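User: Please take a close look at one part of this model: the open sheet and what packs on it. After that, add a word on the aromatic pairs.

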Amino acid sequence: MGKPLVIVVEDQEDLLEVIEYNLTKAGYEVMGFLNTKKLSQAFEQEEVALIIMDRNLPGVEGSEFIQAQRAKGMDIPVLFLSAKTKSSEIEEGFERGGDDYLTKPFNMNELLLRVKAILKRTNKTPVNDQRLSYRDIEIDLAQRSVLVGDVPVELTKLEFDLLSTFVQNKNVVLDRDFLLENVWKSDDFFQDRTVNVAINRLKEKIDPTKEKTYFKTIRGVGYTLC
């Protein structure tokens, strides 16, 4: 089974990018939209597993758009992600075709759990796609656990995200700026050796005997798995 496709409609571009990144990391295929203009076309061309829909959108209110699509026969599950938090507004969201409702501000882990629960009900959970492997390393993205040669290895959140990013890009040389942006989520206030120190600490945990040499430094460029 391929990766379930999740469509995210959110007019705050920064928030949209964060949601897309976390869903992708959790094993989903993701398409992001800042408005509803091209959504109908996407529904026709793609097999969509879930829609995450903001309500305060330019042009048309998100739940009104979903209500109109439901009237046309659309049966794709919908999770409203909205700053409309009154009880009457939440009820309105469900009445207009929502399957679940999460209010802003929200916890990203809760969003991922709700997505997983909805897709489990529709039998579209990406079980196989929540696991990554490289040589003798097995990564479970859902459980955030790592096995090296069948031995559990305890990693910090940063170390786990760093290792996962490398394995997801195992044929690519990753430079410092890419890692700071995608793992640290920022390139501000970090010294030049921040990435190097973190990789060294990670290597000590997954290769304490220094026999396996998982990482290769490409001088002047970045790092890659080897």
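Analyst: Start with one bridge. V148 has V151 of β9 as its bridge partner. This is a predicted model. V148 closes strand β8, which covers residues 145–148. Strands β8 and β9 pair in the antiparallel sense, over 2 bridges.

Now widen the view. The open sheet has 4 strands, in the order β6-β7-β8-β9, and the pairing is antiparallel. Its edge strands are β6 (131–134) and β9 (151–152), each of which pairs on one side only. Strands of a sheet pair through backbone hydrogen bonds.

A helix covers part of this sheet. Helix α6, residues 157–168, packs on the sheet and touches β6, β7 (137–140) and β8. The direction of α6 makes about 110 degrees with that of β7.

Next, the rings. The count comes to 4 aromatic pairs. One of them is F80 with Y101: the centres are 6.0 Å apart and the planes stand at 50 degrees, so the pair is tilted. F80 lies in strand β4 (residues 78–82) and Y101 in strand β5 (residues 100–103), so this pair ties together parts that are 21 residues apart in sequence. Both F80 and Y101 are buried.

Y101 also pairs with F94. Here the centres are 6.3 Å apart and the planes at 35 degrees, so this pair is tilted too. Ring pairs thus link F80, F94 and Y101 into a cluster. Burial varies within the cluster: Y101, at 6% relative accessibility, counts as buried, whereas F94, at 40%, counts as partly exposed.

Notes. Residues are numbered from 1 along each chain as its sequence is written. This is a predicted model: local features need pLDDT of at least 70, side-chain atom pairs count only at pLDDT 80 or more; totals for chains, interfaces and linings use all residues. Side-chain values use heavy atoms; hydrogens and water are left out. Rings of Phe, Tyr and Trp (its six-membered ring) pair if their centres lie within 6.5 Å; planes under 30 degrees apart count as stacked, over 60 as edge-to-face and the rest as tilted. Buried means under 20% relative accessible area, exposed over 50%, partly exposed in between (1.4 Å probe, protein chains only). Two strands pair if DSSP finds at least two bridges between them. Contact means heavy atoms within 4.5 Å. Axes are lines fitted to C-alpha atoms, for helices over the stretch in contact, and angles run from 0 to 180 degrees between N-to-C directions.
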